[in-house]
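Reader: I would like a close look at one part of this protein, namely its salt bridges. Please go through them pair by pair and say where the partners sit.

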Amino acid sequence: MANKTTQTEASVEEFIDTIDHERKREEARELLALFERVTGERPNLWGPSIIGFGEYHYEYDSGREGDWMRTGFSPRKAKHSLYLMGGYCDEAEAERRKEKLDRLGKWSRGKSCLYINKLDDVDMDVLEEIVADDWATMNALYPPG
């Protein structure tokens, strides 16, 4: 069984332009710049609303496999969802991240996502450190190529 959300050919900029709330649009552009700076990758839209950077192939012991972005974000209506796969795929990265999360500011977390209501709630330098560490972990676990 593969992941249902796949990379599309849709324009990331056009997607951002459709975000209703002006501040959420501005924050999406801030996150886009941060992720582009850290990853050095061009963004792609995954499904209708996730902005992803890079790609990797995964295969679980259960036999489930698929392709997914190495990192990315979605400017959701209530909160920004940041997809930080390194902390999900690697327990050591998850442990190292704890200290940075203590310095980040106001956030919540799911299994592989970091949720931020608004960017003013967090220290953007610490967020950039987290994204950079996560990107490095994913590239070590799943070498690009």
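Author: What follows takes a few salt bridges in turn, with the position and exposure of each partner. The model is a predicted one. By the distance rule used here, 15 salt bridges are counted.

Start with R23, which has a salt bridge to E27 at 3.5 Å, N to O. Both residues belong to helix α2 (residues 22-39), and because they are four residues apart there, about one helical turn separates them. E27 is buried, at 2% relative accessibility, whereas R23 is partly exposed, at 28%.

R23 also meets the side chain of D120 in a salt bridge, here at 3.9 Å, N to O. D120 is in the loop between β8 (113-116) and α5 (124-141), while R23 is in helix α2, so this pair ties together parts that lie 97 residues apart in sequence. D120 is exposed, with a relative accessible area of 61%.

A further salt bridge is formed by R37 and E128, whose closest N and O atoms are 2.9 Å apart. This pair, too, links distant parts of the chain: R37 is in helix α2 and E128 in helix α5, 91 residues apart. R37 is exposed, with 52% relative accessible area, and E128 is partly exposed, with 24%.

Shared partners also connect salt bridges to one another: R23, E26, E27, E30 and D120 are joined into one network in this way. That network therefore includes the loop residue D120 together with the buried E27.

How values were computed
Residues numbered from 1 in each chain as written. Predicted model: local features only at pLDDT ≥ 70, side-chain atom pairs only at ≥ 80, totals over all residues. Heavy atoms only, no water. Salt bridge = Lys/Arg side-chain N within 4 Å of Asp/Glu carboxyl O. Helix = DSSP H or I, 4+ residues; strand = E, 2+ residues; numbered from the N terminus. Buried < 20%, exposed > 50% of the residue type's maximum accessible area, 1.4 Å probe, protein only.
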